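Good morning, colleagues. Please take a moment with the sequence and the model before I begin.

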Amino acid sequence: MTDAAANNVVATLVTEVRGKLEEALSIAKAAESCARDGSVDRAVQILMDFEGLVHEARDLFKAALT
């Protein structure tokens, strides 16, 4: 793979990491709002979606490092 191609792959991976983290942040904010409003059970339900995104972001991060 050429340097330019490798740079494009890494740039794409970084963009994907950012997207996953932005989505995770949105979910965390929604969960926080529910928790603050007293809907703790709903907050925990919402956070279940958060976990997968964090793992996906981590995997993309690891790919970018290689």
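Which residues does valine 40 touch, not counting residues up to four places away in sequence? The answer is Cys34 and Ala35. I should say at once that this is a predicted model. Valine 40 belongs to helix α2, which covers residues 40–65. With a relative accessibility of 49%, valine 40 is classed as partly exposed, because the class of exposed residues begins over 50%. As for its position relative to asparagine 8, the two are separated by 32 residues in sequence and by 42 Å in space, C-alpha to C-alpha.

Let me turn to helix α2 itself. How far apart are its end C-alpha atoms? They are 37 Å apart, and the 26 residues of α2 should span 38 Å at 1.5 Å a residue, so the two values agree. Buried residues in α2 are Ala43, Ile46, Leu53, Ala57, Leu60 and Ala64. Against what do the buried residues of α2 pack? They pack against α1. On the spacing of such positions, a general remark applies: an α-helix has 3.6 residues a turn, so residues three or four places apart point the same way.

I come now to the salt bridges, of which the structure holds 4. I shall present three pairs.

One of them joins lysine 20 to glutamate 56, with 2.7 Å between the closest N and O atoms. This pair links distant parts of the chain: lysine 20 lies in helix α1, residues 3–36, and glutamate 56 in helix α2, 36 residues apart. Glutamate 56 is partly exposed, at 37% relative accessibility.

Another pair is arginine 36 with glutamate 32, whose closest N and O atoms are 3.1 Å apart. Here both residues lie in helix α1, separated by 4 residues, or about one turn of the helix. Is arginine 36 buried or exposed? Its relative accessible area is 69%, so arginine 36 is exposed. Glutamate 32, at 39% relative accessibility, counts as partly exposed.

A further salt bridge brings together the side chains of arginine 58 and aspartate 59, at 3.2 Å from N to O. Arginine 58 has a relative accessible area of 37% and is therefore partly exposed. Aspartate 59, with 42%, is partly exposed.

To close, I would return to the relation of the helices. The buried residues of α2 pack against α1, and the salt bridge between lysine 20 and glutamate 56 links α1 with α2. Thank you for your attention.

Notes:
Residues numbered from 1 in each chain as written. Predicted model: local features only at pLDDT ≥ 70, side-chain atom pairs only at ≥ 80, totals over all residues. Heavy atoms only, no water. Helix = DSSP H or I, 4+ residues; strand = E, 2+ residues; numbered from the N terminus. Buried < 20%, exposed > 50% of the residue type's maximum accessible area, 1.4 Å probe, protein only. Contact = heavy atoms within 4.5 Å. Expected span 1.5 Å × (residues − 1).
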